[in-house]
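Me: I have a model open and want to go through its strands and ring contacts. Can you take my questions as they come?

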Amino acid sequence: MKLENLTIFPTEIKVFRFNIPQIQPIIDEVLSKKDQIKQRSDIYSNHGGVGESEYITDYKNPVKLHEFEKLMMIVGSYFAPQNNFFHVNYYWTAFYGKNVLHDTHMHGNFNDKKRLTHNFSSVLYLTENGGTTFYSPNLTSNVDDYLIKSEVGKFIMFPHNLFHNGNNRAEMHGGENQNRIIISANIELFENENGA
């Protein structure tokens, strides 16, 4: 008897790292717009089972972030030479208070062809606190979950239908009452069919 193992459909998470001079302008912009984001959160936010005073997001009506859009142009320029189309469809900001958990969720379903406009999702970490836990879509996987810790300037892209949650657990940062700040986005990343 002969055994052959095939590894198919691996899950790839793309990790980009921006240095402090590249990331500081977006941190400054987000902090300067925190009150505006909070105002929109008070009106529009009701999700994840998280306390409204401890979790702020402008998910349903995002505040425009010019510096984030500049960073996404840098990411897009990475994919252009590979003949890939890169487009950020939608982005939003979130502030997590201490011990806040955003319930397990995903950003899309491959079977939802009528409404689906993206195939990747992303997180840009603006603080060191907390992290994102991903859950294996493969029931026979040797690993059930994988934690990516927040690091200032880390930008991750992952398949939009990969289950994950976000947290700001106290044991994952050193000080008291530190916020976790992220920008999430839904992204189209496709190979250009026309070859141009």
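Reply: What follows goes through a sheet, a strand pair, the aromatic rings and two backbone angles.

Me: Before that, what kind of model is this, and what pLDDT do local features need?

Reply: It is a predicted model, where local features need pLDDT of at least 70, side-chain atom pairs count only at pLDDT 80 or more, and totals for chains, interfaces and linings use all residues. Residues are numbered from 1 along each chain as its sequence is written, and side-chain values use heavy atoms, with hydrogens and water left out.

Me: OK, sheet. What is the strand order in the open one?

Reply: The order is S4-S9-S6-S7, an open sheet of four strands with antiparallel pairing. Strands here are DSSP runs of E with at least two residues, helices are runs of H or I with at least four, and both are numbered from the N terminus. Two strands pair if DSSP finds at least two bridges between them.

Me: Which strands stand at the edges?

Reply: S4 (101-105) and S7 do; each has a single partner strand, so one side of each is left without a neighbour in the sheet. On average, neighbouring strands in this sheet are turned by 15° against each other, direction ignored. The axes behind that angle are lines fitted to C-alpha atoms, for helices over the stretch in contact, and angles run from 0 to 180 degrees between N-to-C directions.

Me: How many bridges join S6 to S7?

Reply: Five, with S7 covering residues 145-149 and running antiparallel to S6. Threonine 132 is opposite isoleucine 148 in that pairing.

Me: And how many join S6 to S9?

Reply: Four, again antiparallel, with S9 at residues 164-167. Glycine 131 faces asparagine 167 of S9 there. S9 is also joined to S4, by three antiparallel bridges, and leucine 101 stands opposite asparagine 167 as well.

Me: Is S6 mostly covered or uncovered?

Reply: Mostly covered: S6 spans residues 131-135, and four of its five residues are buried. Buried means under 20% relative accessible area, exposed means over 50%, and partly exposed is in between (1.4 Å probe, protein chains only).

Me: Switching to S1. Which residues make up its covered face?

Reply: Lys14 and Phe16 do, while Val15 and Arg17 form the uncovered face. S1 is joined by four bridges to S8 (residues 154-159), and the two run antiparallel. Valine 15 has isoleucine 156 as its bridge partner in S8.

Me: A lysine on the covered face. What does lysine 14 touch?

Reply: Leaving out residues up to four places away in sequence, lysine 14 touches Phe79, Phe155, Ile156, Met157 and Leu189. Contact means heavy atoms within 4.5 Å. Its side chain also has a polar contact of 2.5 Å with the side chain of glutamate 12. A polar contact is a pair of N or O atoms within 3.5 Å; within protein, one must be able to donate a hydrogen and the other to accept it, and residues adjacent in sequence count only if both atoms are side-chain atoms.

Me: Now rings. How many aromatic pairs does a search of the whole structure find?

Reply: Eleven. Rings of Phe, Tyr and Trp (its six-membered ring) pair if their centres lie within 6.5 Å; planes under 30 degrees apart count as stacked, over 60 as edge-to-face and the rest as tilted. The pair of tyrosine 59 and tyrosine 90 is edge-to-face, because the centres are 6.0 Å apart and the planes are at 80°.

Me: Where do tyrosine 59 and tyrosine 90 lie?

Reply: Tyrosine 59 is in the loop between strand S2 (55-57) and helix H3 (66-79), and tyrosine 90 is in strand S3 (residues 84-96), so the pair ties together parts that are 31 residues apart in sequence. Tyrosine 59 is partly exposed at 34% relative accessibility, and tyrosine 90 is partly exposed at 29%.

Me: And how do the rings of phenylalanine 68 and tyrosine 91 sit?

Reply: Their centres are 4.9 Å apart and their planes at 50°, so that pair is tilted. Phenylalanine 68 is in helix H3 and tyrosine 91 in strand S3, so parts 23 residues apart in sequence are tied together. Both residues are buried.

Me: Which residues form the aromatic cluster?

Reply: Phe16, Tyr78, Phe79, Phe86 and Phe155 form one.

Me: Last topic, backbone. What is the phi of phenylalanine 9?

Reply: Positive, about 55°, although phenylalanine 9 is not a glycine. Most residues other than glycine have a negative phi. Phenylalanine 9 is in the segment before S1 and is exposed, at 74% relative accessible area. Asparagine 83 also has a positive phi, near 65°; asparagine 83 lies in the loop between H3 and S3 and is partly exposed at 22%.
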